[in-house]
Amino acid sequence: AVVSTQSTGERNTLLKKLKVEATLAQRESFEEYQRREMYSMVRKLDAQEKIDELAKLHKKREFSRTQDIRRERLLVEHREQLDQLEQSLEQELNTLLEEKERDMGLINKRLDDLNNSLFD
């Protein structure tokens, strides 16, 4: 009943106002949607950067751990080689000492024989 009493011009003005308001509401809604999407993308990018940083850190730690393991293996190998070398040198030294004692014994016997022959 209210609409029927208004003139066509008033109705057209009201319709135009409603269309303008609907368009503005759509724009605001779209802008809000865009804003939300931008924030969402920024959060995703931030999260991805953090993930990338953590991955790099993890890689560095793994590399460092691998290097530590390699160093430890090398140290163990070198210790074993040094132990073997020490044993070998000890055996050689013992052999040389035994030879020296034997030679000294022979020299002393020879000196005793010479002394005995001089006084005979």
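These numbered points go through a predicted model, covering its long-range distances, salt bridges and surface patches.

1. Helix α2 is the element to find before reading further. Helix α2 covers residues 8–119, and Leu-114 lies in it. Phe-30 is found in this helix, as are Arg-35 and Asp-83. The points below keep returning to helix α2, so a reader may wish to mark residues 8–119 in the structure.

2. Two pairs of residues give a sense of distance in the model. Phe-30 and His-78 are separated by 48 residues in sequence, and their C-alpha atoms are 71 Å apart in space. For a shorter stretch, take Arg-35 and Leu-45, which are 10 residues apart along the chain. The separation between the C-alpha atoms of Arg-35 and Leu-45 is 15 Å.

3. Phe-30 and Arg-35 can also be described by how much of each is accessible. Phe-30 has a relative accessibility of 46% and therefore counts as partly exposed. Arg-35 is partly exposed as well, because its relative accessible area is 40%. For both, the class follows from a value that is neither under 20%, which would be buried, nor over 50%, which would be exposed.

4. How many salt bridges does a search of the whole structure find? The search finds 5. Three of them are taken up in the next points, including one between Arg-65 and Glu-62.

5. In the salt bridge of Arg-65 with Glu-62, the closest N and O atoms are 2.5 Å apart. Both residues lie in helix α2, with a spacing of 3 residues, or about one turn of the helix. Arg-65 is partly exposed because its relative accessibility is 43%. Glu-62, with a relative accessible area of 31%, is likewise partly exposed.

6. Arg-71 forms a salt bridge with Asp-68, and here the closest N and O atoms are 2.8 Å apart. Arg-71 and Asp-68 are both in helix α2, again 3 residues apart, about one turn of the helix. Arg-71 counts as partly exposed, at 48% relative accessibility. Asp-68 has a relative accessible area of 41% and is therefore partly exposed.

7. A further salt bridge joins Asp-113 to Lys-109, with the closest N and O atoms 3.6 Å apart. These two residues are also in helix α2, but 4 residues apart, which is given as about one turn of the helix. Asp-113 is partly exposed, since its relative accessible area is 41%.

8. Which residues gather in a patch of negative charge on the surface? They are Glu-77, Glu-80, Asp-83, Glu-86 and Glu-90. One of them, Asp-83, has its place in helix α2. Asp-83 has a relative accessible area of 44%, so it is partly exposed. That value also satisfies the patch condition of over 30% relative accessible area.

9. There is a nonpolar patch on the surface too, formed by Met-104, Ile-107, Leu-111 and Leu-114. Together these residues have about 360 Å² of accessible area. Leu-114, a member of this patch, lies in helix α2. Leu-114 counts as partly exposed because its relative accessibility is 48%.

Terms used
Residues are numbered from 1 along each chain as its sequence is written. This is a predicted model: local features need pLDDT of at least 70, side-chain atom pairs count only at pLDDT 80 or more; totals for chains, interfaces and linings use all residues. Side-chain values use heavy atoms; hydrogens and water are left out. Patches are made of residues with over 30% relative accessible area and no salt bridge: like charges are joined within 9 Å, nonpolar side chains (Val, Leu, Ile, Met, Phe, Trp, Tyr) within 5 Å. Accessible areas come from the Shrake-Rupley method with a 1.4 Å probe; for residues, only the protein chains shown count as cover. A salt bridge is a side-chain nitrogen of Lys or Arg within 4 Å of a carboxyl oxygen of Asp or Glu. Buried means under 20% relative accessible area, exposed over 50%, partly exposed in between (1.4 Å probe, protein chains only). Lys and Arg count as positive and Asp and Glu as negative; His and the chain ends are not counted. The place of a charge is taken as NZ of Lys, CZ of Arg, CG of Asp or CD of Glu.
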